[in-house]
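Open the model in your viewer and have the selection box ready. We'll go from one stop to the next, and at each one I'll say what to pick and what is there.

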Amino acid sequence: MSAAVGNMSSRSVLAACVAAVALGMTASARADDMMVGKTIATQGTAKGVAACISCHGAKGEGNAAAGFPRLAGVNAAYLSEQLSRFANGERQSTIMQPFAKLLSSNGRSAVALYFSSLPPPAGIKADDSNSIRPSDAGAWIATRGRWSQGLPACAQCHGPGGIGVGATFPPLAGQPAAYIESQLHGWKKGTRPPGPMALMPVIVSKLSDTDISAVAAYYAGNAGSSGNAAPAGSKQ
Ligand code: HEC
Ligand code: HEC
């Protein structure tokens, strides 16, 4: 009887120790990944991967003029998945494919973790309540869609203000207009893989080139001091 109790308690002590060690290991493994990710992001690698921040910005904020996307505050699983798609060639980009291929799968996850931990550009609002008039095609498509064509509002998946939802729906807010446009055209041309449930290819099949420019400008404008913001008053 007492032996059984003794056994149980030593077993639960053992279980507690195992849990504590596992927790400690998870925390330090995460810290290690973060360090590896930061080194890749800021210095690149000896194998010839360029420092990510040279294009994606010192804080991962992106580069509006060049159309390089923002990575800061974007979900880690999403970023890591995109890097794998570049690496296996499903997502085509002459710039990103070679870098993604040169990184190990651990390196890709680590650098994704690092960028996801950075704060999103200031000024992004989970809000679409500004200036929604039918005459503003971008804002209208973003927030209302076009039901005559069965086109849902972008905000239904990408969240209010395009702030992004979980690992599946990346943020659009604060992405350069040129980047958003290029991705939408990428689905039309098939240079970007269909993604979860092939949702985006269906969406882009209902967008004209004019719609694409308008909705890209709308989301690029939803950022404050990131440098991606449209000039004040440009949202009609
Ligand atoms: C020479 C400039 C350059 C460098 C350096 C660079 N990138 Fe990129 N990155 C781009 C461009 C351009 C795109 C858009 C590619 C496309 O059209 O799909 C991009 C896209 C991405 C995307 C997809 C983002 C999204 O929202 O889907 C990720 C993730 C990414 N880069 C991560 C990295 C990481 C990590 C590094 C460093 C290892 C890096 N990039 C280095 C230019 C660069
Ligand atoms: C039914 C859900 C859904 C709707 C509605 C939707 N999207 Fe998406 N969108 C997605 C998913 C899922 C992805 C991620 C695709 C992937 O992983 O490759 C995505 C990705 C994107 C990307 C790529 C972002 C990046 O960082 O590379 C852009 C740009 C985009 N959507 C624009 C739009 C626009 C503009 C609209 C409205 C006209 C819209 N989406 C409506 C589901 C949706």
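## Stop one: ligand 1

Select ligand 1 and Y78: an oxygen atom of the ligand sits 2.8 Å from an N or O atom in the Y78 side chain, a polar contact, meaning a pair of N or O atoms within 3.5 Å (within protein, one must be able to donate a hydrogen and the other to accept it, and residues adjacent in sequence count only if both atoms are side-chain atoms). This is a predicted model, where local features need pLDDT of at least 70 and side-chain atom pairs count only at pLDDT 80 or more, while totals for chains, interfaces and linings use all residues. Residues are numbered from 1 along each chain as its sequence is written, chains are lettered from A and ligands numbered from 1 in the order in which they are written, and side-chain values use heavy atoms, with hydrogens and water left out.

Add Y179, where the distance from a side-chain N or O atom to an oxygen atom of ligand 1 is 3.1 Å.

Now zoom in on the iron atom of ligand 1. H56 (NE2) and M96 (SD) coordinate the iron at 2.0 to 2.3 Å; donors here are N, O and S atoms within 2.8 Å of the metal (3.2 Å for Na, K and Ca), and water is not among the atoms, so sites may look incomplete. The six donor atoms make angles of 85 to 178°, an octahedral site (for six donors: opposite ones over 155 degrees apart and all others between 65 and 115). Colour by helix and you'll see that the pair links distant parts of the chain, with H56 in α2 (residues 53-56) and M96 in α4 (residues 96-102), 40 residues apart. Helices here are DSSP runs (H or I, at least four residues), numbered from the N terminus. H56 and M96 are both buried, that is, under 20% relative accessible area with a 1.4 Å probe, protein chains only.

Next, show the whole shell: 25 residues surround ligand 1, and C52, C55, H56, Y78 and M96 come nearest (a residue counts if one of its heavy atoms lies within 4 Å). Which helix supplies the largest share of this shell? It's α3, with five residues.

## Stop two: the nonpolar core

Hide the ligand and pick A41, C52, L79, V111 and F115. Of the 20 residues in the largest nonpolar core, these touch the most other members. Such a core is a set of buried Ala, Val, Leu, Ile, Met, Phe, Trp, Tyr and Cys residues joined through side-chain atoms within 4.5 Å. Helices α1 (2-43), α3, α4 and α5 (105-117) each put in at least two residues, and the largest share, five residues, comes from α3.

## Stop three: ligand 2

Centre on the iron atom of ligand 2, which H158 (NE2) and M200 (SD) coordinate at 2.0 to 2.3 Å. This arrangement is octahedral because the six donor atoms subtend angles of 85 to 179°. H158 is in α7 (residues 154-158) and M200 in α9 (residues 199-205), so the pair ties together parts 42 residues apart in sequence. Both H158 and M200 are buried.

Widen the selection to the 25 residues around ligand 2, where C154, C157, H158, Y179 and M200 come nearest. Helix α8 gives the most to this shell, with four residues.

Last, bring back the tyrosines. A polar side-chain atom of Y179 lies 2.6 Å from an oxygen atom of ligand 2, and one of Y78 lies 3.0 Å from an oxygen atom of ligand 2. Finish on Q82, with a polar side-chain atom 3.4 Å from an oxygen atom of ligand 2.

Notes: Four donors count as tetrahedral if all angles lie between 85 and 135 degrees; four count as square planar and six as octahedral if opposite donors are over 155 degrees apart and all others between 65 and 115; anything else is irregular. Buried means under 20% relative accessible area, exposed over 50%, partly exposed in between (1.4 Å probe, protein chains only).
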